[in-house]
Amino acid sequence: MRNLFSIGRHPVWLTVPSLLLLLVALGYPLAQVVLRSFTDPAIGLDNYVWFFSRPVNLTVFWRTFEVAGWVTILCLVLGYPYAWMMTAVGPRMRLLLILCVLVPFWVSGVVRTLAWVILLQDSGVINRGLVALGFEKVRLIRTPLGVIIGMTQVLLPFMIMPLYAVMRSIDLRLVQAARSLGARPTLAFVQIYLPLSLPGVFGGAIIVFILGLGFYITPALLGGPRATMLSTLAQQQVLQQLNWGRGGAMGVILLVSTLVLLAVAARFTRRRYQITGGSK
Amino acid sequence: MNRLQRTLISLFCACVALWLVAPTLVIVPISFAEKKSLAFPPDGFSLQWYANLIQSPDWSGSILNSLKIAVIVSVVATVIGTLAAMGITRMKAGSGGVVRAILITPMIVPGVVLAIGIYAVYLDHQLVGTLTGYVLAHSMLAIPFVIIAVGANLAVFDARLETAAASLGASRLVTFFTVTLPLIGPGILSGLLFAFVTSFDEVIVALFINSPRMKTLPVQIYSSMTRDSDPTVAAVGSLMFALTTLTIAAALWIGTRRRRS
Amino acid sequence: MKLIAKAALQAGLMVAFGLAAQAQTAPVAGETAEGSLAGKTMSFVSYGGLYQDGQIASLQEFVEKSGVTLLSDGPTEVAKIQAQVESGDVQWHVVDTGTLTPFVYCGELFQKLDFSKIDISNIPEGQVGECSVPAMNYGTVLMYRKSAYGDNPPTGWADFFDTEKFPGVRAMPGDSEPDTTLVELALLADGVPKDQLFPADVDRALNKFRGLGEDLIFWKTGAESQQMMESGEADMVIAWSGRAMGAQKNGADYAPVWQDWIVVMDQLTIPMGVKDVDAAHALINAAIGKRAQEIMTEQTSYSPIHKDAQPEVDELLAQWLTNTPEKIAVSYQQNIPYWIENYEEVETKWGEFIAGN
């Protein structure tokens, strides 16, 4: 027993089981994806050339970013006031607001997407409502708009939680102080509160955008061929065509996009912290 | 902020809250549909889809599979994830940060990329549709959540308490169980819960690596949705929704009561 | 003389042995030995929804008698079979496929069947392949929404492509298995004379579909097509006849165009590398039994392939049976041998087409 616990003196050993698991279940498979994208069916860049030479692939590529972008913006617009409200109400009301965020967060995304399929179909609840109110039907399912609506709802909790975590720690006396010094409410908000809440905005936006880029279930079930996203395209190549090379290349492109984005975001937030003198 | 602005924002937030919760509720009436269709609103009333959950070997089997996998995954991921979190906090800041960054990569790798790679590897090693296969993949996906949950708890944990216990003659083992564990218990517990849910809800990797031999509930729901228009998906969804809401509500309620007393 | 006598004797012996052997083991379609598969688990793969439900129901007697645990999976995808066969870990035991694939991939992805274990004596002439027996016969039809076209409904495939006279959203199959008949029909609609159809210009046919642009949507599974009719999402839907019936049953306001309906024969197959070959054969033998075929028809409207099957048919079902003389007279039969020969091209191009390329 003494020997076993002397491991504690070399803490790196404690992380070995996790690292091993990651090597087997993450590193090895990712290596396979990368390898196959360059070797299947022939060694070379064929799969990447194919990807970038097909206009449809590029359309899907840009659409993926576009959809993820819109979802991020919508989540921010919906989530910011909501997160603020969570800090501004009494404990009981706050509990209710938290519940409304946590429940969808824990309910399986597949189930929530099922609900959206039922709601968004052409003669679904939403379109019936529109017709009853005298409006034209809107085609929602199998369109990027439908995908954006569904994804925004599924990903909103990922925006609200980091926002709330940051806003909760903002010292409201700073805002009060600004106002007592004569600043108008809008000015106090823009100059004091908003900058202080920015880490939450960045954190939430990055999480939502990255999750949005790689989102699979909602686009697969709500989107049709006209709302295909990169994940679905890669899945089709592998599961329906058994084309490991092309599917792998799409996977690598998706992965690299995500990593580049993260790197940019990391650099950006670091610089911002330096300007404001760091948050700690 | 004047009253009007505040009312407007309150109204807006009420709408957002509704938007978060209400859409999912349309599955409840569908789950009582009489016909095998997902058209809304449904006609008639029946409990046949709830009965089907128990009677059909595809549904009952997938529920049991998912529970089994999730339980094993939550134990595996919590144990090795907690060890890793403890290791990271004891390492030098720089190297600890690197290890931590590596261990949370499963969170940022797009699901489909992982799924393609895992499918390729599992086909080669005949792990498709096996318990080992699911546990390996899901534990890897769950480890980041455990590390974050336990790590957050360890960050506020006062290491001097351990030293004090040791100086009073407690062995490392006794120290761990009497001092460390109770203090980081809440973190471990939430890590365990996260790991369980990560596995129980995981669908992308499972969609690639499932086989009739072993199928998980999310895969069964997904394939039933695309293949069957079967209201059983609404029945299982409604049950999951009710269960989750009750659990969270209970947890929040207990949490606030404890804080008050 | 001696030689002839020897030959005759030999022949007589062979017949006698053959008869004896048959008396011992010859299977009868639909009959299952009591407890023969107790404790075993098999998976049956098909296209889901109403069809697979009907198939599973028709196999209920087989399940109860043999003691097997039967799981369903699907939908059938050739790539999935290929992945399993290549990995050597085959988990699909009996697979229902489209008309062509068992012939294209016979001996490669699908096993040659052992016809001493399957009773094919009641199947109509010419439907049994080396690697497959038919599962049933049915049709793919053009469905249109009655309220959308009123007194002037579409009457043939050309109208599917005519968005001016028949505006509205069209839905077509978008699963990975190419519908080669639709390729032929698109060419005909594009003005290719019937006698110059082959060799078929697949690109031209697919471009005809691409020309529908925003008005064209795909369904991936039969259930999805049924959902589209029940929810009124598309004004024209190319659908499998059983799913069209299912939609009507659930109240969908759609009617079929029977002119040139597409004859389809689903096939039952056993993938290469299935370990328990006998069990798989037993399942197929049960599925093509008289009673099993009757149950399948009663639930799906798909035509039985057992000569003596007498399903109980109600009014709705009767409209959808495709094996009546009137229906056969207006049916369209694709060029099966041509497509078996030229499958790879159409499979690749179709795959790119449905992936949006």
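From the N terminus on, the elements of chain B run α-α-α-α-α-α-α-α-α-α-α-α-α. The model is predicted: local features need pLDDT of at least 70, side-chain atom pairs count only at pLDDT 80 or more, and totals for chains, interfaces and linings use all residues. Residues are numbered from 1 along each chain as its sequence is written, while chains are lettered from A and ligands numbered from 1 in the order in which they are written.

**Exercise 1. Describe the fold of chain B and its contact with chain A.**

Step 1. Chain B has 13 helices and 0 strands. Helices here are DSSP runs (H or I, at least four residues) and strands are runs of E (at least two), numbered from the N terminus.

Step 2. The C-alpha trace of chain B spans about 70 × 65 × 30 Å along its principal axes.

Step 3. Of its 261 residues, 50% count as buried. Buried means 20 or more other C-beta atoms within 10 Å of the residue's own, exposed means 12 or fewer, and partly exposed lies in between, with C-beta atoms placed from the backbone.

Step 4. In chain B, 73% of the contacts with a separation of 6 or more join residues 24 or more positions apart. A contact needs C-beta atoms, placed from the backbone, within 7 Å.

Step 5. The contact between the chains takes 69 residues from chain B and 71 residues from chain A. On the chain B side, 55 are nonpolar, 11 polar and 3 charged. Ala, Val, Leu, Ile, Met, Phe, Trp, Tyr, Cys and Pro count as nonpolar, Asp, Glu, Lys and Arg as charged, and the others, Gly among them, as polar.

**Exercise 2. Work out how helix 4 and helix 5 of chain B pack.**

Step 1. Helix 4 (residues 57–90) of chain B meets helix 5 (residues 93–103) of chain B at about 150°, with their axes 8 Å apart. Axes are lines fitted to C-alpha atoms, for helices over the stretch in contact, and angles run from 0 to 180 degrees between N-to-C directions.

Step 2. The two helices of chain B, 4 and 5, are therefore roughly antiparallel (over 145 degrees; under 35 is roughly parallel, 65 to 115 roughly perpendicular, the rest oblique).

Step 3. Helix 4 of chain B contributes Ala84(B), Ile88(B) and Thr89(B), while helix 5 of chain B contributes Gly96(B), Val99(B), Arg100(B) and Leu103(B). By class, this contact has 4 nonpolar, 2 polar and 1 charged residues.

**Exercise 3. Characterise the contact of chain A with chain C.**

Step 1. Here 16 residues of chain A touch 15 residues of chain C.

Step 2. Helix 12 (residues 230–240) of chain A gives the largest share of the chain A side, 4 residues.

Step 3. That side of chain A holds 5 nonpolar, 8 polar and 3 charged residues.

**Exercise 4. Is helix 8 of chain C enclosed or open?**

Step 1. In helix 8 (residues 180–189) of chain C, 8 of the 10 residues are buried, so the helix is largely enclosed by the rest of the structure.

Step 2. Among the buried residues are Thr180(C), Leu182(C), Glu184(C) and Leu187(C).

Step 3. Their cover includes helix 7 (157–161), helix 9 (202–210) and strand 8 (254–269) of chain C.

Step 4. Just after helix 8 of chain C, Gly191(C) takes a positive phi of about 100°.

Definitions and conventions
Contact = placed C-beta atoms within 7 Å.
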